[in-house]
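Student: I have this one open on my screen. Can you take me through it?
Tutor: Go ahead and ask.

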Protein chains: 2
Amino acid sequence: MLTGSIPLHQFQWPKIAPPAFIFGNEASGLDADFEKIGTPLIIPHSSHIDSLNLSIAVSIGLYHANTVRPHELDEES
Amino acid sequence: MLTGSIPLHQFQWPKIAPPAFIFGNEASGLDADFEKIGTPLIIPHSSHIDSLNLSIAVSIGLYHANTVRPHELDEES
């Protein structure tokens, strides 16, 4: 599954639970079955590269979840 | 200089120019002279680690500058 269509920074975070990220490998992504249990997200990147290094993708996801996301939730409440 | 006091995700981006990031090394940061030409920023992280790996910090900075920042500028305009 390489069909993540919602950019990470535009995702509307649910307020009911802390997020969990599941990452697939850089070439093929996750098995399509995972789509049933979550929302596919994509970290936008240059078309000049095939994918982000996995450790980089994890770092950006955790950064977003721990900084930008709480900031957005604060602004909404 | 390890005195970055504004969290990256809370920085008010100037609209007059695209940003440029300058990174120092993980142990001592940049020379204090750099404070004269820019705004020291910090990427918040757990107190259980000393610093972020430099490639991770660069990735998060570029992610933020290319996704979250334009998004914020759009909302303001």
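Student: How many residues does each chain put into the contact?
Tutor: The contact takes 14 residues from chain A and 14 residues from chain B, where contact means heavy atoms within 4.5 Å. This is a predicted model, in which local features need pLDDT of at least 70 and side-chain atom pairs count only at pLDDT 80 or more, while totals for chains, interfaces and linings use all residues. Residues are numbered from 1 along each chain as its sequence is written, chains are lettered from A and ligands numbered from 1 in the order in which they are written, and side-chain values use heavy atoms, with hydrogens and water left out.

Student: What area do chain A and chain B bury between them?
Tutor: About 1200 Å², 75% of it on carbon and sulfur atoms. Buried area is the accessible area (1.4 Å probe) that two parts lose on being put together, summed over both.

Student: And which classes of residue are on the chain A side?
Tutor: The side of chain A that touches chain B has 7 nonpolar, 7 polar and no charged residues. Here Ala, Val, Leu, Ile, Met, Phe, Trp, Tyr, Cys and Pro count as nonpolar, Asp, Glu, Lys and Arg as charged, and the others, Gly among them, as polar.

Student: How many salt bridges between chain A and chain B, then?
Tutor: The count between them is 0. A salt bridge is a side-chain nitrogen of Lys or Arg within 4 Å of a carboxyl oxygen of Asp or Glu.

Student: What about over all chains?
Tutor: That count is 2. Asp33(A) pairs with Lys36(A), their closest N and O atoms being 3.5 Å apart. In chain B, Lys36(B) forms a salt bridge with Asp33(B), also with the closest N and O atoms 3.5 Å apart.

Student: Is Lys36(A) buried or exposed?
Tutor: Lys36(A) counts as exposed, at 71% relative accessibility. Its partner Asp33(A) is partly exposed at 49%. The cut-offs are under 20% relative accessible area for buried, over 50% for exposed and partly exposed in between (1.4 Å probe, protein chains only).

Student: Different topic. What rotation superposes chain A on chain B?
Tutor: A rotation of 180 degrees with 0.0 Å of shift along its axis, at RMSD 0.0 Å. That is the relation of a two-fold axis. Copies are superposed by least squares on the C-alpha atoms of residues with pLDDT of at least 70 in both.

Student: And how much of chain A is buried?
Tutor: Buried residues make up 29% of its 77 residues.
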